[in-house]
Amino acid sequence: TMTQYLLSVYQPDGPIPEPEVLAAIGEDLGRLNDEMRAAGAWVFSNGLLPPSSSTVLRPDGDDVLVTDGPFAEGKEHLGGFTIVDVPDLDAALAWGKRLAVAATLPIEVRPFA
C-alpha cells in the first residue's frame with residue numbers, strides 16, 4: 001500500500017538568488033520531477049509566491065479575522081512543495097534528499113493523515 005507524503009521546501013526570508021542561479025535550480029527541479037513521474041511517485045508539486053502575497057484567516061468567536069501577510073514572522077517560509085505517493089517513509093526520505101539537493105534548501109518530509 002502506498003502513502004502520500006508532503007515534501008515541504010523551506011527558504012530563507014530575504015532577497016531571492018540571481019536569475020542564473022534560479023534558472024539552474026529550476027532545471028534541476030524539472031529533471032527531478034520528471035524522474036519522480038517516471039517512477040510513479042510524483043503526485044503534484046509547485047512553488048509559492050512570497051509570504052507577502054498570503055492572506056491569513058483566523059477564527060475569532062463567530063467571526064473570522066482576515067489579515068494580509070504570513071501567519072507568523074520567521075527567518076524562513078514555505079516556498080513550495082511536492083506530494084509523492086510511495087511505499088514507505090524510506091522512499092519518501094530518498095526523494096526528499098534528492099529534492100533538498102536540487103532545491104539547495106531544507107526539506108520537511110511529513111506523511112498525510
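This report walks through a predicted model, from the overall fold down to two residues.

## Overall fold

The protein's secondary structure comes to 2 helices and 6 strands. If you follow the sequence from start to end, these elements come in the pattern β-α-β-β-β-β-α-β. The C-alpha trace spans about 45 × 40 × 20 Å along its principal axes.

Contacts across the sequence are well represented here: of those with a separation of 6 or more, 77% are between residues 24 or more positions apart.

## Surface and charge

The protein has 113 residues, and 23% of them count as buried. About 7600 Å² is exposed, with carbon and sulfur atoms supplying 59% of that area.

On the charge side, you will find 7 positive and 17 negative side chains. The centres of these two sets lie 6 Å apart.

## Thr104, a loop residue

Thr104 sits in the loop between helix 2 (89-103) and strand 6 (107-111). Its phi is near 60°, a positive value in a residue that is not glycine. Most residues other than glycine have a negative phi.

Is Thr104 buried or exposed? Thr104 counts as exposed because its relative accessibility is 55%, and the cut-off for exposed is over 50%.

## Arg110, a strand residue

Just past that loop comes strand 6, and Arg110 lies in this strand. The side chain of Arg110 is joined to that of Glu108 by a polar contact of 2.7 Å.

Leaving aside residues up to four places away in sequence, Arg110 touches Tyr5 and Leu6. Arg110 and Leu93 are 17 residues apart in sequence, and their C-alpha atoms are 9.5 Å apart in space.

Technical notes. Residues numbered from 1 in each chain as written. Predicted model: local features only at pLDDT ≥ 70, side-chain atom pairs only at ≥ 80, totals over all residues. Heavy atoms only, no water. Helix = DSSP H or I, 4+ residues; strand = E, 2+ residues; numbered from the N terminus. Buried < 20%, exposed > 50% of the residue type's maximum accessible area, 1.4 Å probe, protein only. Contact = heavy atoms within 4.5 Å. Polar contact = N/O pair within 3.5 Å; in protein donor to acceptor, adjacent residues only side chain to side chain. Areas by Shrake-Rupley, 256 points an atom, 1.4 Å probe, with all protein chains shown as cover. Lys, Arg positive; Asp, Glu negative; His and termini not counted. Charge placed at Lys NZ, Arg CZ, Asp CG, Glu CD.
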